[in-house]
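Dear colleague,

Please find below the structure for your consideration. My notes on it follow directly after.

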Amino acid sequence: DVDFNSGHHSIIHAENAMASEPRLLTIEEVNRMDFQEFVERFASVFEHTPLAAACVWAHRPFQDVKLLHRAFCTFIRDLSPAMKEGVLRCYPDLAGRLAQQGALSDESTKEHKSAGLLDLTEQEQRELFALNVNYKRKFTYPFVICARENKKETIIRGITARLSNDGPVEVEVGIGEVCKIAGHRLSDIVADNSNPKL
């Protein structure tokens with residue numbers, strides 16, 4: 001016999017799950033935001049760096065989310081090397097103390113989870129901890145990589161490889177990863193209404 005009630009409950013559960021997902025903003029809604037609304041909504045595009053949103057707001061209107069992303073990346077790429085290092089220091093150590101304590105930002109928690117960094121073996125935790133220590137000793141800021149585009153194995157290989165970079169090169173590599181992270185975070189907030197090229 002078919003359990004119609006069971007199917008009905010499953011549909012309701014799915015609808016409730018969809019309802020709990022935050023609705024994506026249209027670019028028109030973004031462009032209508034006042035300064036306070038914009039900064040509050042986009043404060044976490046770069047980790048703990050609401051100043052970026054405060055500056056990007058002045059460049060409205062944006063044609064689409066890609067141009068919004070470009071504005072954020074232009075802001076950060078135009079910073080001095082010392083200020084870029086400051087932005088990188090706002091990011092948490094991958095699988096570090098904050099992750100273990102469950103104290104990451106919502107965005108970082110999602111990114112850690114997607115890369116498998118919340119499910120490391122004891123050996124992987126020790127290896128990544130040692131690599132993070134060596135990295136911060138050399139560069140004075142945490143290793144930043146777009147976790148949504150990598151898994152734990154490639155992240156471990158990546159930090160090992162990037163330890164051989166010199167300071168100026170690594171700052172730019174890190175900022176490139178920050179821009180990738182920002183693109184994913186923006187896609188969680190704003191719908192992409194751009195027309196695909198034919």
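Does Asn150 count as buried or exposed? The model is a predicted one, and in it Asn150 has a relative accessibility of 19%. Buried means under 20%, and Asn150 therefore counts as buried.

Asn150 is located in the loop that lies between α9 and α10. A polar atom of its side chain is 2.9 Å from the backbone oxygen of Cys146. Leaving aside residues up to four places away in sequence, Asn150 touches Ala115, Ile145 and Ile155.

One of these contacts, Ile155, leads to helix α10, which spans residues 152-162 and in which Ile155 is buried together with Lys152, Ile156, Gly158, Ile159 and Arg162. These residues lie on the same side of α10, because the arc they cover around the axis is only 160°. The buried residues of α10 pack against three helices: α8 (106-115), α9 (122-139) and α11 (167-187).

I also examined the interior for enclosed space. The structure holds 1 cavity of 30 Å³ or more, and the space in the largest cavity comes to about 130 Å³. Its lining consists of 15 residues, with Tyr91, Leu94, Glu111, Ile145 and Ile181 nearest the centre. The elements contributing two or more residues to that lining are α8 and α11. Sorted by class, the lining comprises 9 nonpolar, 3 polar and 3 charged residues. Ile145 thus appears twice in these notes: among the residues that Asn150 touches, and among those nearest the centre of the largest cavity.

With kind regards

Definitions and conventions:
Residues are numbered from 1 along each chain as its sequence is written. This is a predicted model: local features need pLDDT of at least 70, side-chain atom pairs count only at pLDDT 80 or more; totals for chains, interfaces and linings use all residues. Side-chain values use heavy atoms; hydrogens and water are left out. Buried means under 20% relative accessible area, exposed over 50%, partly exposed in between (1.4 Å probe, protein chains only). Helices (H or I, at least four residues) and strands (E, at least two) are DSSP runs, numbered from the N terminus. The arc is that of the directions from the helix axis to the C-beta atoms. Contact means heavy atoms within 4.5 Å. A polar contact is a pair of N or O atoms within 3.5 Å; within protein, one must be able to donate a hydrogen and the other to accept it, and residues adjacent in sequence count only if both atoms are side-chain atoms. On a 1 Å grid over the protein atoms alone, a cavity is a set of points where a 1.4 Å probe fits but cannot get out, and a pocket is an open set with protein on both sides within 12 Å along at least five of seven lines; lining residues have an atom within 4 Å of a point. Grid points are joined across faces, edges and corners, and a volume is the space filled by probe spheres set on the points. Ala, Val, Leu, Ile, Met, Phe, Trp, Tyr, Cys and Pro count as nonpolar, Asp, Glu, Lys and Arg as charged, and the others, Gly among them, as polar.
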